[in-house]
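Hello,

Here is the structure I promised to pass on to you. Please open it next to this email and follow along.

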Amino acid sequence: MTGLPTDRSYARECDAADPLAPFRQRFVQPAGPPLIYLDGNSLGMLPLATAERITNVMYREWGTGLIRSWDHWVDLPTRAGDLLGRHLLGAALGQVVVSDSTTVNLYKLARAALAARPGHPVIVTDDNNFPTDRYVLAGVAAERGGQVRLITTDTDGGLATDAVRAAVDGQTALVCLSHVAYRSGALADMAAITEIAHRHGALVLWDLCHSAGSVPVDLDGCGADLAVGCTYKYLNAGPGAPAYLYVRRGLQDQLRQPVQGWFGQRDQFEMGPAYQPVAGIGRFLTGTPDIIGISAVEEGARLLGEAGIGRIRQKGQQLTQYLIELADAWLAPLGFTVASPRDPERRGSHVSLHHPGADAISRALIARGVVPDYRTPDRLRLGLAPVTTRFTDVWDALDCLRQITPGLASGPRRAGPE
Ligand SMILES: Cc1ncc(COP(=O)(O)O)c(C=O)c1O
């Protein structure tokens, strides 16, 4: 504990000094009673610019432009991908496209990676990886006669690099892991793990859902091969907005993705008899892109690019540290323990707290206008999105927690989307 002041005036001072504070005004503020929203790592808030852009896409580009708008819509998946790559993923041009969902992109890339490593049947992942990742990898392994090798990871401490070192060998085709763990927020060492995989000739596929827009990602710098991620969390592109995928340039033409759709086809409008993938990142597209959704992705990437990932990271670390210190001071005596790594370099932008009554506490918070997330069996997950969360939000939420916790009962409940 570093001993930050626990009175609310300190939180107000931090907000006043926060260079990102003005960004909050650029989001739609929920109508009704005041809301403290600590779930931007599940569904980010709506930027005003996105609402305006989507209205424009609908009425002008679609309503008036109709089919003529495809002239500029057609490169939107790569344009938005390049913007994400430049501002948030550490990827040079031509390596990122926005398309499909994270789940579908994961399937495309994992399947392509396995096909590119014949004779190497093993996919390495960990038991803490997000369910969709584990399910997709199991399906890909079954399709290719391979097997999934599951690393056992401590849910709170996060993925240990040494455990990856012990699991990867010459049989491994693919290592697929989450960069920031969805429950604890623990951050994996992308550079070290990528290097371990490469030493054994394996490819690496990173799930960036909880990291893009919250922590700096340097895909090119780490030599990563493949990555996927969603856009509805820190990127604020809206529920079900399309995901993105990254394929390292040198690998693109070696991979053949399994969903052989016409948007990845060379000379698409010749309507030829057989699938011949276009050169480059475009071959990882499938069918007609979701133009409204990708427009929202582009706006989200632009806004976060303006905020700057350096400032976002700095504020994310300050917010999570502040939350942990208030939890130690106020909530530990009420039975809470911090489930996220205490080292700010080892965590993303959300903090999980254990409490046996987390379910009931989460519902009681929601009833009082504080929106957290509950994760089975005993976790309260608090997402601090640096462009929209204030220090006073953290103080008010934890103050509410310390008031309501005494006397609340526990019990299982179904958790919502991530
Ligand atoms: C880490 C992680 N991976 C994958 C997914 C699944 O993404 P989708 O449902 O958009 O395919 C999520 C969803 O929240 C997630 O948090």
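Below is what I found, starting with the sheet and ending with a pocket.

This is a predicted model, in which local features need pLDDT of at least 70 and side-chain atom pairs count only at pLDDT 80 or more, while totals for chains, interfaces and linings use all residues. Residues are numbered from 1 along each chain as its sequence is written, and side-chain values use heavy atoms, leaving out hydrogens and water.

The sheet is open and mixed, with seven strands in the order β2-β8-β7-β6-β5-β3-β4. Strands (E, at least two residues) and helices (H or I, at least four) are DSSP runs, numbered from the N terminus, and two strands pair if DSSP finds at least two bridges between them. At the edges are β2 (96-98) and β4 (147-151), each pairing on one side only. Inside the sheet, β5 (residues 172-178) and β6 (residues 203-207) run parallel and are joined by five bridges. Look for Cys 176, which stands opposite Leu 205 in β6.

Now the second largest pocket (an open set of points on a 1 Å grid over the protein atoms alone, where a 1.4 Å probe fits, with protein on both sides within 12 Å along at least five of seven lines; lining residues have an atom within 4 Å of a point). Of its 20 lining residues, the closest to the centre are Leu 43, Gly 44, Leu 46, Gly 238 and Pro 239. Which helix gives the largest share of the lining? That is α11, with three residues.

Happy exploring!
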